[in-house]
Structures are given as C-alpha cells and as structure tokens.
Amino acid sequence: MSPLRVSTAPSRQPARADRGPADGARRRWVLTRLDNRVTPFLFIAPFFVLFTVFGVFPLLYTAWVSLHDWQLIDGDQGFVGLANYAKLFADPDFYNALFNTMSIFLLSTVPQLLAALGIAALLDRPLRAGTVWRAGVLLPNVVSVVAVALVFGQLFARDFGVVNWVLGLVGVDPVDWGAQRLPSHVAIATMVIWRWTGYNSLLYLAAMRNVPRELYEAAALDGASRWRSFWSVTVPGIRPTIIFTVVVSTIGGLQLFAEPQLFDASGTAGVGGSDRQFQTVTMYLYEKGFGLFDAGYAAAIAWVLFVVCVLSALVNFWLARRIRAGG
Amino acid sequence: MLVYALLVGVVAASAFPLYWSFVVSSSDSSAIGEASPPLIPGGYLLDNVRRVFDTVDFWLALQNSLIVSGTVTLSNVVLSSLAGFAFARLRFPGRNSLFLVVIGTVMVPAQLGVIPLYMVVGELGWYGRLEAVIVPGLINAFAVFWMRQACEEAVPTELVDAARVDGCSLWAVFWHVAVPAIRPQAAVLGMVTFMAAWNDFFWPLIVLDPNESLTVQVALSRLASGYFLDYSLMLTGATLGVLPVIIVFIVLARQIVNGITRVSVNG
C-alpha cells in the first residue's frame, strides 16, 4: 500500500506549483486568519442569539410592560408610569404572598442545608458501596416537582393521609394541612426538603473531599473532638460551596411555584388555599398575569420578585461569610 | 455500624414517597379510605394505568415530552460544547466580558421574563405548540458554563496549539481534539438537561395547549385538578411520569453522581 502513496505524491506536486507557492500560501494565510477571527464568534453565536431573543429581551421588556396598563390579550392600554408598583406596594395580597414565600423558604432551606451537611459528613466516611448510598440520597432529585407534589399531597391529606395516620398512632389529632397557614407551609417545605437535601449533600461531599487531610490531623493533635473538628475544620473548609448552595436555594426558594400550586389540588386555580394561606409570589404573578390577564401588574410583580431575589442572595451571601468568621 | 443505620434511614426516607406512590397506584381507590392505609402493593396497577390513559392522553404526553426533552438535550449539548470550547481555548476580543454575561444569566430567575416571553412566542405564532417550549430551551447559560469547565479540564492547550500548527481549521480542532476529550462531561450534561426538561412545569403549563400539546408534567397536573381527589389515579400518573427518569437514573447513577460531585469541585 505505501509504495503506491509515495508514487502519487510527486505527480501532485507540479499541479500545485502551477499556481505558485506564494499564492497558495497567501490564500491559506487569509483563510486561517479568517478562521481565527470569525470562527470563535460562530461557536458562541447560537447562545447569544437565542439568549438575546428569549432571555435578555423578555427581561428588559418586562420592565417596559410593568410601566403600562397592559392586558395580556388586548395589549397595551397606555402608559401609567409607576402606577402598577404603587398599587403593588399597597396590595395586601402581595404582602401575604411575600410573607408566605419567605416563610416557606426559611422553613425549607435551613433544615435542608443543615441536614445536607450531616448527610455529607456521613457519606464522607469510608463506606462500603459508596455510590449506592450517594445515588440513593440523590434519588428524590430526579423526581419531577409535579409528581412530588401529588405524592406529598396524599401523604399530607386531611382524611386518610399517611402523616395524619402516623400522628394518630401517637395520639395527635389529625391536622388539616391545607387549611391553615403554618401547617400548609410545613407540608410544602417538606416537599422541598425531600427533593433537594440529597443533591446539596453531594455538593458538600465533593467539597469535603478537597479539605486538606493535614488540617484534620492537626485538629486531632490539638485534642479536638470529632464534633469540634467538623465545625472548625470541615465547615470553614467548604465555605465556598455553602455560600453557593445558600444563594442557589434562595433564588429557587423565592420562585417556588409548582409545589404550592399543586398542593391546592381541589381546584382553587392557584390562589393558594381558601384564604391564600399558601400563595407564593410566583403563584400571585401567575394568577394576575395568566388568570386575570393583567400583564402590566404581573410584570411589576416579576420585577419586585427579581429585586427581592437579588437582595436576599446578597444578605445570605453576607450571612454565610459571617458564619465562617464566627467559627 | 451507626453510620450505616443512619444512612439506611436517610435512603429509606428518600425512597418512601416513591414506594408509597407505587403502593397507592396498585391499590383500589377505595383502599385509601380505610382506617389504616395500605402498606404493600395491591393488584390494581393495570386497572389504574388504564384509567390514567382514559382520563388524559398519556401517550401523546409521553411522545411530546420525549420530543421536547430530546431536542432540548441534543441542542444544549452541541451548542454549549461549541461555546464552551470557544470560551475555554480560543482567543477572541471580548471573550472575558462575554463570558461574564453568561455567568450573570445563570443567576437570573427565569420567571422574571415569562410575561414578555409569552408575547414573543405569540408573535412567532407558537401558542400551544411544542416550539414554544423547545426553542427558548435550546441553550442555557449553565450548560455553557459547564462545558467551558469541561474543556478547561479535559482539552490540553498544547494539543489545540499543535493541531493549529498542523493547519487544522478551528472546526477540525473542535471535532478531532475537543469532542473526544469532553465526551464524558457532555454525557452528564445531557442526562441532567434531559431530566430538567422532562420535569419542567411552569412554562409548559402556561404556553401549551392541554388538549393538543400537553407534556407529561402538564398531564399529571390535569389528573390532580378535579374536585374529587382520586388519589390512586393521581399517583398512578405520578408513578408513570417518574418511571422513565428513574430508569435512566438507575442505569446511569454512577456517572450522574460523579458529575454532580464534579460541578462543585469546579464551581
């Protein structure tokens, strides 16, 4: 085979020489330059094009819509300035939704991240069949929110629900989980905790693997208990990951929608219970924008929600940094 | 020993709601109303499955969910590999600031833009059609971020430079140097994207037509929207909707677990 290739090589040579070596090299140089200049942009272009049309534009346009009396079906009914915001800040239903969101967010995030830390510490020890445990812990995260909400809706049902049945075994009267504020928040927070604890514990586990082992040895030499070295070595050692999870769960928690929406299975169309006792801000946005078609008002809710997200993320970021300074 | 006991407890708590869902979906709906709930699966699974298919067009939902999730996954993997490779290994003006834009958008809540996005989709004439869900999901910032990390980690600069010196075009470098190296990370991204797309609820609920283009999640929510709560019907639907991802998860658990662990090491 190879002699054949060698013999063909010289026969090509004259053909290329006809155009002149300088010409060919020049052409190649131009093409290479073009390739270097243009191709990187072609590689990133799809992201930026799609992102502009379906990401940036809607984002900025929300601000514009929020300054109008804008009906989802009938369109723009005129510029109203900050009227939507003024109305929003005087709207008791909005404060109610904001309070519910914060309450469910705190009830879910704090226990969730603490439990995740504990589980990560368990998984960080030498274990037989480590992957099996890790996968088992992650399993809930794979399940869709809708399925989670349906299953927990049954578990927390007033009549014949499993949670009330278990409570009954220890002599507690059945709780009407959907009807009152705090119980409904606990039930919804439980869904969030169930779905996300394992995921966060895997993030912590990964970070723990990177904490230098010498630090533990030094702590042990100083006579630190296992508990003490966990709080003084492990937790500060995984601080960036803790901050990351706190910020991400803040943003996720403040956008909570599917769990409370589906917890209200009896068909009150996303109002969050008979007395709005578990309506979140996103549900309120949905009610106004897609139930009552008041797009301008919904857009104002969206922007306020965005500001709340950013502020909460910053506050949590700051808190998470301080926790370390204390420890 | 205590460690294993605690872990068994944690995994049992993780699995119980799924087990429970299966128990209810294999029980007669009247069994839920008895004094103590059934704790072992019964023999009504097929009956209940039939009722789910009678109540909503679950085949259509499965088909639509597959189309949406499949397209979104394929496109995210391809487009974010290209962008990630460019951000990690190519020199071009504005590279750093453009990448900052990508990172910034990871943090922006998607729900902020639903109202105008709804209008955009309307302008394009996509109301009630699968395009409305597919096209905005074709790429996301997290995927770009992820594949950039993958390229930094797995694609050696020397190899890229050597290929350039040998006269490879950038496309050829991407195809012959980067793609083989980043395949494992691309696979993890694909799985994560598929699951996220499969489980998406808020946007499909708003924009799809429940009679013609419903997805599995929207179909499930419809099962729950009656005045009379039929738990065995609802949970049978939930079980059916979860089954495909659970199977994928169990088959690929090792890669997914390792992939998630890698995100935080980098991030």
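Which side chains meet in a salt bridge with 3.7 Å from N to O? I looked this up first and found A:Asp176 and A:Arg158. A salt bridge here is a side-chain nitrogen of Lys or Arg within 4 Å of a carboxyl oxygen of Asp or Glu.

**Ground rules.** I am working with a predicted model, in which local features need pLDDT of at least 70 and side-chain atom pairs count only at pLDDT 80 or more, while totals for chains, interfaces and linings use all residues. Residues are numbered from 1 along each chain as its sequence is written, chains are lettered from A and ligands numbered from 1 in the order in which they are written, and side-chain values use heavy atoms, with hydrogens and water left out.

**Back to that first pair.** I noted that it links distant parts of the chain, 18 residues apart. A:Asp176 sits in the loop between α7 (162-169) and α8 (181-208) of chain A, and A:Arg158 in the loop between α6 (145-155) and α7 of chain A. Helices are DSSP runs (H or I, at least four residues), numbered from the N terminus. A:Asp176 is partly exposed at 27% relative accessible area, and A:Arg158 is partly exposed at 47%. Buried means under 20% relative accessible area, exposed over 50%, and partly exposed in between (1.4 Å probe, protein chains only).

**More salt bridges.** I searched the whole structure and got 12 salt bridges over all chains. In chain B, I found B:Asp47 and B:Arg50 joined at 3.5 Å, N to O. These two are three residues apart in helix α2 (residues 45-55) of chain B, so about one helical turn separates them. B:Arg148 pairs with B:Glu152, with the closest N and O atoms 3.9 Å apart; both lie in helix α7 (residues 141-154) of chain B. Here I saw that B:Arg148 is buried at 17%, whereas B:Glu152 is partly exposed at 36%. I also listed a network of salt bridges that links A:Asp93, A:Arg276 and A:Glu287.

**Where the chains meet.** I counted 94 residues from chain B and 84 residues from chain A in the contact, where contact means heavy atoms within 4.5 Å. The two chains bury about 7800 Å² between them, 82% of it on carbon and sulfur atoms. Buried area is the accessible area (1.4 Å probe) that two parts lose on being put together, summed over both. How many salt bridges are there between chain B and chain A? I found one, and it joins B:Arg164 to A:Asp35 at 3.6 Å, N to O. On the side of chain B that touches chain A, helix α12 (residues 231-266) of chain B gives the most, with 17 residues.

**One serine in α12.** I then looked at B:Ser232, which is found in helix α12 of chain B. Is B:Ser232 buried or exposed? B:Ser232 is buried, with a relative accessible area of 0%. Leaving aside neighbours within four places in sequence, B:Ser232 is in contact with residues including B:Val24, B:Asn48 and B:Arg51.

**Two phi angles.** I learned that most residues other than glycine have a negative phi. A:Ala129 has a positive phi, near 55°, and lies in the loop between α4 (92-123) and α5 (130-142) of chain A. A:Phe293 also has a positive phi, near 60°, and is found in the loop between α13 (281-291) and α14 (295-326) of chain A.
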